[in-house]
Amino acid sequence: MALSGIQIYKLLPQTNCKECGFPTCLAFAMKLAAKQVELSACPYVSDESKKQLAESAAPPIRLITLKAGSEVKAGNEVVMFRHEKTFYNKPGLFIRVKASDPDLAKKVAAADAYKVNYVGMDFSIDGFAVEADGDLTSAVKTIRTVTKRPLILMTKDATLLDSALSLLAGESALIYAAESSDYEPLADLAKKHKAALAVKADSLDALADLTQKIQAKGVEDMVLDSAAATLSASLTRNTQLRKLALKNVRSLGYPIIAFPCDAKDEGIAAAQAIAKYAGFVVLSEFKPELLYPLFVLRENIYTDPQKPIQVQPGIYEINAPNPESPVLVTTNFSITYFSVANEVEGSGLPAWLVVTDAEGMSVLTAWAAGKFDAERIAKAIKGFDLASKVGKKQIVLPGHVAVLSGELEEELPGWDIRVGPREAVDLPAFMKQALN
Amino acid sequence: MPIEIPKDKWTGSIRAVTIGGTSAEGGTRAKSVTVGGQTSMPYLHYEALTPNKPVIAIEIKSHKPDDWSPLLAEAWGEAMAEPAQWAKKAEEAGADIIVLALTLADSPEDAVRVVKSVLSGTGLPLIVWGPGQAEKDNELLVPVSEATKGEKIVLGICEDKNYRTIVATAMANGHLVQSRTPMDVNLSKQLSILISDMGMPKDRILMDPTTGALGYGIEYGYSVMERLRLAALQGDAMTQSPMIVTPGFEAWKTKEAKVGEGVPEGWGDWKARAINWETLTAIALIESGADVLVLRHPESVKRVKDAIEELTIPA
Amino acid sequence: MQHTVSFTHNDKQTPVEVSTGVLLSDAAHLAGIDIGQPCGGQGRCGRCAVQVREGDVRRRSTLRLSPDDVEQGYALACQTVVEGDVAIYVPPQEKIERRLTTDRVVAEVTVPADYEYLQDQTVRRIHLELTPPSMDDQTDDWSRLQTAFRLQHKMERVACSVNLLREMGEVLREGDWQVTAIVETSRLTDEKTCKLINLQPNHVDEYSPLWGCAIDIGTTTVSVWLVDLMSGQVRAQVAEYNGQIARGEDVISRIMYASKNGGGEELRQRVLDTINELLETACKRVKARPEEVVKATIAGNSTMIHLFLGIPASNIRLSPFITAVNHPPLMTAREVGLKIHPEASVDCLPGVASYVGADITAGVLSSGLDNAENVTLFLDVGTNGETVLGNRDWLVTCACSAGPAFEGAGVVNGMRATTGAIEEVWINSETFEPTYRVIGGGKPKGICGSGLISLLSEAFITGIIDKAGNVNLMASSSRVREGAHGGEYVVAWGAESESGEDIVISRVDVDNLLRAKAAIYAGFTVLADTVGVPLETTDKVLIGGSFGKYINVEKAVQIGLLPDMDWSRFEFLGNTAVKGAYYALLDWRKRERITEIAKRMTYIELSADNSFYEAFTSALFLPHTDMSKFPSVAEALEGKVNK
């Protein structure tokens, strides 16, 4: 159980010595509770307290890192629902390839080179899952000539694996997959090559049993495959796994691997896996028209929900504006944007709505914090090159920041600065009466 | 030692809401559609079965839209010019419900006429949206509501500024309302409270938490829906309405779905991507508790329906 | 069954016959006796109390009666039915003067029981007898005075300003070497060192007052208490809106204004004018001159203190929100521009952070929160909505911008709680007719904070506004109408009001009040959440604020300003900041205690994540989006007043 700030405070020296960098012990305790600071910052904490605090802080799902030239992490999650805190480690998207594929190098190279941009972020695939239907060793050699991304090796053949893994010295690969009948040699290999080991069983009891046996053989890094064949089954298993892990059932406290590549509708299965608790997602082939939406979905689901809800700064066209339409300015706090956009949209009056980057704050808050001032507004108007879109050059400021009109006139010579109403609900009336 | 599967013991449940009036209720629908009734988080059959599957509504317009993606125009063809035809085609494509969106060009008489023609073109239950301007919505929806008593139509879209007139006419004529608030749990609850304070029976309200498309705020709607559903199961009466979402409208507004030219190469094949955009938006919302999904492309409809089948069969 | 109800009213007896189960109010009506029912007979207002002197009645509700009242046979006429022959006494019909069980009157200010001028006070008035100089004794005046200090009062080191030196020679000679000095010592460090504040000829009567003042510079309201330091008694209390309001209602606007050319100096001057005028008024009341005030202790939020001292405040607003000074050094009145004795010490109390200032540390002291055994919540219902939660072991605090609505500012017909302010309102739920009480009893001029709380609650409970604050224009009353800012409700027609204009509450006013109460409610709920203390476990809720002499906690709960808990847990402390400043003015140990409190308090930044915003939107509803948090209000709405 996570301890509250006050509970942690009671374990601290309560001297308010400030040496940790916080003004009081309680302030430090609350940072600890929020996991934003390390206990070691306190020089005076007792050993007894250290022990108690460490116990409450152990992550319920083991962090697994697959690593080569790049790395991908899964695990360390702490909640069932993203709004409760956030989802931390975005599931890795892997492309499945076949060792026997004559075009292996070409296909891997194409997927490896793929890069797509979404709101300023570049996404690319996280690694490859190699199916050992042919010569695994030479396939791995080939793959390593074209990509440095982490690998999942899909075979149970210990000899093949041993030689393939020898080629991957210094990396952390994932072996797929140990089952109750054959886990021993695979566990030995995982230990020998410092690889992670996927563990597959068709019931949670069997999975838990297997992870304990494998752990007894000295392997710590494991990934779970619940062998669910349908959307319904995998949702059920993954939910149960996450729930049990969060209840500190250590034998199930590992990330989950999912294989939408085998599903009836790969896109749908992959989307569900991303939303519902998978740590590694294996796709059948390189298809940008599916990868791109999956990357975006993953980014969206793994966004920190504790940050204020924002909309993209930019120009929003409402009711097909023309160069004579007014320019309304507001901030990128979503509720602010929605209220303005909805009112204007509902009025049927055309307008250009300029949404400035105010770090997701409402008009008044942003203004108070210095994130919505004449300079920033002017920068947005210029940055979005509004002058090329409008002829009338009329800007309407929210009434709450009427004080900015003078400065804005100086910043934007040639523009007609109007002060609009304070509340969005009064915008349509204002636009009908005061403008034109 | 066998693992004990933890189960949530919820005290609340989602209200079952029936859309569409059959002859027994004084309407003309071939059958009605019931959504809601859940007593667990979505599709966790080991806790509770899903009493009513989520349903698909297909959105059609009273006039052929000139701003829809060419991919949609291609899919629906000539039927788009004739709402009754369009509705029939939508029914064939697998719709459980038809959403008819009125436009600013409609007069009250036009609106009544087109609603009646759609009602005669299909036996499916109907959701009617006004054009989205408070005054015009009231002007069109009131006569539509009065002319269709007994059909148990869902009238939309009620927002906090304009809910009174729509709720009043829905109450008077036995219809339902779609209560929309901008992606916020509290605002959602507040509008539900205001609507039921007017005397509207709670089983005639669909909550619309506002949908964000993939890449355009889906995560906010997603979490708001999860939170609403959790609150409902915990017994909060004001969040227990089934949820209606509009992935079709939102997804087809995005550049990713709407256009095929002048976009980054990394986006891949246009049509496949566009349908993925709508389908994946819909799937994420199904995972978070959507009960009525308003879609646009027949292929998305097929994929989403298949997924619903797969999800609702107990594992 | 028929019964006889015998009423005694205005020394007249009137019997009537009624059947079992008839309400006393209906029976009184039959008897031709008019019992006022401001709430419309719903048992909400408690204004129709009558005394049952004989016979059987059944009380449906005694919610508005104290146990004492019930003991004495009081019953609410609108909630009590006849069950036999009864004799009823109807008290003279006052307006609405009687206090309700839900009223919390601001605690009286009393001199701390253990106040000892000689022990506690830093300012001392002492008599000195100097040996006159002669041709033999050529010691200079200043040394002569110092010698007297040392020999007669053991004061080894005396500091003195050049201004006093300029006057000294004349004063010494005018009193023929008999003088009265006023000095200040730092009791904390050294009793033998002192600063000379004033020197006057002759010996002054040792029981005559020695004046000090405690000041709270609020964003909206400035309060000044004039105190006799000898007895410790508060001799005058005055308050006025802060003259800076004309340049912005909240601290942020003020900071912005101050950072403009000359803005800072203008704001400094404006608040100085306000304080100096208040000092003058207060002094006039006790027939003293402001120059006789020899010590000032000042509380105020960090922004107000900065602006008062003319210190640039812009960094308070900008991340990471750093003040120039949390704990200003001692200054003289001359330096800061206070029109009291120019040598008087001006002591600005220490604050914690940009948004938790000396008004709160002083408030904590005066509320006793820092010594509380159990977890206690302290709310300052003011413009900056500060909240403190804690006990003697720990204290956490936060601030949220609530706006000035509860101080009567930013509301069309709002005013301070002075003569002419409507301080309580009841609305008849059938007719929507209001009954109100005006401070001073004359014609109403406006509505003060407690009146606004009362009015908002009544408008809500009677359905004039809905839960979102929309005025229900379908309500059938000419008092509900479309105004310049949307729907409005007329509380007093022009014919009744002082100005001749209608006194109304508009949709915009309602919004301002909603935002203010939502910010405060969200502030303390998030604060409690952050430290993991369930609100229900708080022992007491201490309420500070300058919205009136009393607060009706039931009304404050009904609008969702205060949490729905047992009313006995609420205490209303009035302006805690000026009270804290008063304690610090009197007693140097308490002054030190405030410094300690400032060090101990942990400030929580509410904007760190979106939980405050969530809680705020949730509270932006009447009484709250989550009705389960307000069971008593849910009951009131269902018309079930039994508790």
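This is a guided tour of a predicted model, moving from whole chains to single strands.

**Before you start**

Residues are numbered from 1 along each chain as its sequence is written, while chains are lettered from A and ligands numbered from 1 in the order in which they are written. Because the model is predicted, local features need pLDDT of at least 70 and side-chain atom pairs count only at pLDDT 80 or more, whereas totals for chains, interfaces and linings use all residues.

**Stop 1: chain A and chain B**

Select chain A and colour residues 5-57 as domain 1, 64-301 as domain 2 and 314-433 as domain 3; such bounds come from an automatic or database domain assignment. The C-alpha centres of domain 2 and domain 3 of chain A are 47 Å apart.

Now add chain B, and look at the place where 51 residues of chain A are in contact with 47 residues of chain B (two residues are in contact if their C-beta atoms, placed from the backbone, lie within 7 Å). Among the elements of chain A that give two or more residues to this side are α8 (204-216), α9 (231-246) and α12 (334-347); helices (H or I, at least four residues) and strands (E, at least two) are DSSP runs, numbered from the N terminus. Sorted by class, the side of chain A that touches chain B holds 26 nonpolar, 15 polar and 10 charged residues, where Ala, Val, Leu, Ile, Met, Phe, Trp, Tyr, Cys and Pro count as nonpolar, Asp, Glu, Lys and Arg as charged, and the others, Gly among them, as polar.

**Stop 2: chain C as a whole**

Select chain C, which has 18 helices and 31 strands, and whose C-alpha trace spans about 110 × 60 × 50 Å along its principal axes. Its radius of gyration is 28 Å, which agrees with the value near 26 Å for a compact globule of 643 residues; this radius is taken over C-alpha atoms, and the globule rule is 2.2 Å times the number of residues to the power 0.38. Buried residues make up 53% of chain C (a residue is buried if 20 or more other C-beta atoms lie within 10 Å of its own, exposed if 12 or fewer, and partly exposed in between, with C-beta atoms placed from the backbone).

Colour chain C by its domains: domain 1 (2-97), domain 2 (117-201), domain 3 (213-348), domain 4 (364-404 + 514-637) and domain 5 (418-498). Domain 2 and domain 4 of chain C have C-alpha centres 47 Å apart, and their contact takes five residues from each of these two domains.

**Stop 3: the nonpolar core**

Next, show C213(C), V491(C) and A581(C), which have the most contacts inside the largest nonpolar core, a set of 194 residues. A nonpolar core here is a set of buried Ala, Val, Leu, Ile, Met, Phe, Trp, Tyr and Cys residues joined through C-beta atoms within 7 Å. Helix α13 of chain C (residues 507-531) contributes the most to this core, with 14 residues. Around C213(C), leaving aside its neighbours within four places in sequence, the contacts include W225(C), L279(C) and I340(C).

**Stop 4: two covered helices**

Select residues 576-586 of chain C, helix α15, where 11 of its 11 residues are buried, including K579(C) and A581(C). Then move to helix α17 of chain C (residues 611-619), in which seven of its nine residues are buried, among them F612(C), Y613(C) and F616(C). What covers these buried residues includes α6 (185-197) of chain B together with α13 of chain C.

**Stop 5: strands and a loop**

Zoom in on strand β20 (residues 387-390) of chain C, from which T387(C) and L389(C) point one way and V388(C) and G390(C) the other way, all of them buried. Four bridges join β20(C) to the antiparallel strand β19 (residues 376-380) of chain C, with F378(C) as the bridge partner of V388(C); two strands pair if DSSP finds at least two bridges between them. These two strands form a hairpin with six residues between them, and G385(C) in the turn has a positive phi of about 40 degrees. A further hairpin joins β20(C) to β21(C) through four residues.

Which strands flank the loop that holds G410(C)? The loop lies between β21 (395-398) and β22 (421-427) of chain C, and G410(C) counts as buried because it has 21 C-beta neighbours inside 10 Å. Beyond its neighbours within four places in sequence, G410(C) is in contact with residues including E249(C) and N512(C).
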